[in-house]
There are 2 protein chains.
Amino acid sequence: MPHDGAVDVPWLDRTQLAAWVRVAALLEVLPSTLDSQLRRDADVTLFEYFVLAMLSEAPGRGLRMSDLAAQTSATLPRLSHVVKRMESRGLVERRPDPDDRRATVAVLTDGGMARIEQAAPGHVRAVRAHVVDILTPEQLSQLTAIADALLRHLDTSGGMAAMYRRYDDDDAADDADDPSSGNDIRA
Amino acid sequence: MPHDGAVDVPWLDRTQLAAWVRVAALLEVLPSTLDSQLRRDADVTLFEYFVLAMLSEAPGRGLRMSDLAAQTSATLPRLSHVVKRMESRGLVERRPDPDDRRATVAVLTDGGMARIEQAAPGHVRAVRAHVVDILTPEQLSQLTAIADALLRHLDTSGGMAAMYRRYDDDDAADDADDPSSGNDIRA
DNA sequence: ACCCATAAGTTGTCTCTACAACCATCCATG
DNA sequence: CATGGATGGTTGTAGAGACAACTTATGGGT
């Protein structure tokens, strides 16, 4: 534990506990549900799907590893391993960045593009079936606000904020502490 | 699906996409955040914490594997592996169920009890810091309702439905949105 | 009493993730 | 124009999850 000793711990009350228990269960169940759907239908994991999705929308179908990591909420080591596997399956290519020889650019191949186009309908259907269509429009917008608040707080280091913020309706989002100036907000 | 027998391309509109992208990011970030906090502080994963929590509140500090699996939203194979590892670390014990010789009862050891008591304060602090205290009370109750709706749907449509069929002493097969459900984390 | 379908767990294997150590490059400064 | 610190990525390894195959036990039907 970080610090302090026998200080009174702020326990959760019933209401808070009810919320947390459900959220925790959801964190456990939802990813694996979507994961296995994608795996069966298109032989990609949910995370790989996001990698494909981000690349498919990037200019030139390519992104530097660190930008891609930020947009997919992943650590760089994890992304590196994943991209390597995806490369061996012909979904992406890695090439050195001419501008910065430390950097690597991951580029979507035609096969990768075909794969996400094949995977998308089923995935969207699953997201609808398990999430979007279950909630009322009002609940959906509540959920957006809630997730947004949580993410903003978790993102002390910033960076991945750009990923979801570009999917905003009209710009309802302006975060002053966004240091990701090197990122792309074009779209 | 809901209405409009459109089997074609049920794409998400901007609002829905905004919600889903945030939820997906949250699904990626929150578990690993809480996981690594628990690991550093008490050398248990989030999932193991839940196992300990469920057992610590069970009568006799023990539960059958399938009941434990249901309460932790896990599959039986996964739970079996986890419990085996936890047993090797002295946190739980496994003993055959005298009533049903197919069944195994996982029982919390004194060491396991000590471990969760050691882990709880830091974990609760983390849950507060990253989730509960970030949201308004109103948002928290909205979140409860939302998660509840999603879980109810996932449970009945998911593959683990079979595993929930068996509730012996506690027929809460349908505990709906009752916030005072018997599901407690140690808190 | 005997089958056979089903339930409860376990195990094996392969994939994926986390963490830390590591190498290479860039760049600001003297 | 060397050099120390930061930045961008990769890799090794060990731990954790997914899935399928398997074992043992239960229970209902005939």
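**Exercise 1. Find which residues of this predicted model come nearest to DNA strand C, and describe the surface around that strand.**

Step 1. Start with the neighbours. DNA strand C is surrounded by 24 residues, and the nearest are A:Arg78, A:Arg85, A:Arg101, B:Ser66 and B:His81.

Step 2. Next, look at the DNA side of the contact. Of the atoms of DNA strand C that come within 4 Å of the protein, 69% belong to sugar and phosphate.

Step 3. Now pick out individual polar contacts. A phosphate oxygen of DNA strand C lies 2.8 Å from a polar side-chain atom of A:Arg78. For B:Ser80, a polar side-chain atom is 2.9 Å from a phosphate oxygen of the strand. B:Arg102 reaches a base instead: one of its polar side-chain atoms lies 3.3 Å from a base nitrogen of DNA strand C.

Step 4. Assign the surface to secondary structure. Two or more residues come from each of these elements: α4 of chain A, and α1 (14–42), α3 (65–71) and α4 of chain B.

Step 5. Finish with the residue classes. The surface near DNA strand C holds 11 charged, seven polar and six nonpolar residues.

**Exercise 2. Carry out the analysis for DNA strand D: which residues are closest, and which elements supply the surface?**

Step 1. Around DNA strand D there are 24 residues, with A:Ser66, A:Ser80, A:Arg102, B:Arg39 and B:Arg78 the closest. Sugar and phosphate make up 73% of the atoms of this strand that come within 4 Å of the protein.

Step 2. Take the two serines of chain A in turn. A polar side-chain atom of A:Ser66 is 2.4 Å from a phosphate oxygen of DNA strand D. The corresponding value for a polar side-chain atom of A:Ser80 and a phosphate oxygen of the strand is 3.0 Å.

Step 3. Turn to the arginine. The side chain of A:Arg102 has an N or O atom 2.8 Å from a base oxygen of DNA strand D.

Step 4. Map the elements. At least two residues each are supplied by α1 (14–42), α3 (65–71) and α4 (76–88) of chain A, and by α4 (76–88) of chain B.

Step 5. Count by class: 10 charged, eight polar and six nonpolar residues form the surface near DNA strand D.

**Exercise 3. Work out what symmetry operation superposes chain B on chain A.**

Step 1. Recall the general principle: a rotation about an axis and a shift along it relate two copies of a chain.

Step 2. Insert the values for this pair. Chain B falls on chain A after a rotation of 180° with 0.1 Å of shift along the axis, at an RMSD of 0.2 Å.

Step 3. Draw the conclusion: the two copies are therefore related as by a two-fold rotation axis.

Step 4. Check the contact surface. Both copies use the same surface, since 78% of the contact residues of chain B recur in chain A.

Step 5. Locate the axis in the structure. Among the residues of chain B, B:Leu27 has the C-alpha closest to the rotation axis, at 3.1 Å.

**Exercise 4. Describe the sheet of chain A, and state where helix α2 lies relative to its strands.**

Step 1. Set out the strand order. Chain A has an open sheet of three strands, β1-β3-β2, with antiparallel pairing. Its edges are β1 (62–64) and β2 (92–96), each pairing on one side only. From one strand to the next, the twist averages 25°.

Step 2. Examine a strand pair. β2(A) and the antiparallel strand β3 (residues 104–108) of chain A are joined by five bridges. In β3(A), A:Val105 stands opposite A:Arg95.

Step 3. Add the helix. Helix α2 (residues 46–57) of chain A lies across β1, β2 and β3 of chain A and runs at about 90° to β3(A).

**Exercise 5. Describe the sheet of chain B, and name the bridge partner of B:Pro96.**

Step 1. The open sheet of chain B has three strands in the order β1-β3-β2, paired antiparallel. Here β1 (62–64) and β2 (92–96) are the edge strands.

Step 2. Five bridges join β2(B) to β3 (residues 104–108) of chain B. The bridge partner of B:Pro96 in β3(B) is B:Thr104.

Step 3. Helix α2 (residues 46–57) of chain B lies across β1, β2 and β3 of chain B, at about 90° to β3(B).

Notes: Residues numbered from 1 in each chain as written. Chains lettered and ligands numbered in written order. Predicted model: local features only at pLDDT ≥ 70, side-chain atom pairs only at ≥ 80, totals over all residues. Heavy atoms only, no water. Pairing = 2+ DSSP bridges. Helix = DSSP H or I, 4+ residues; strand = E, 2+ residues; numbered from the N terminus. Axes fitted to C-alpha atoms, helices over the stretch in contact; angles between N-to-C directions. Contact = heavy atoms within 4.5 Å. Near = heavy atom within 4 Å. Polar contact = N/O pair within 3.5 Å; in protein donor to acceptor, adjacent residues only side chain to side chain. Nonpolar A, V, L, I, M, F, W, Y, C, P; charged D, E, K, R; others polar. Least-squares fit on C-alpha atoms with pLDDT ≥ 70 in both.
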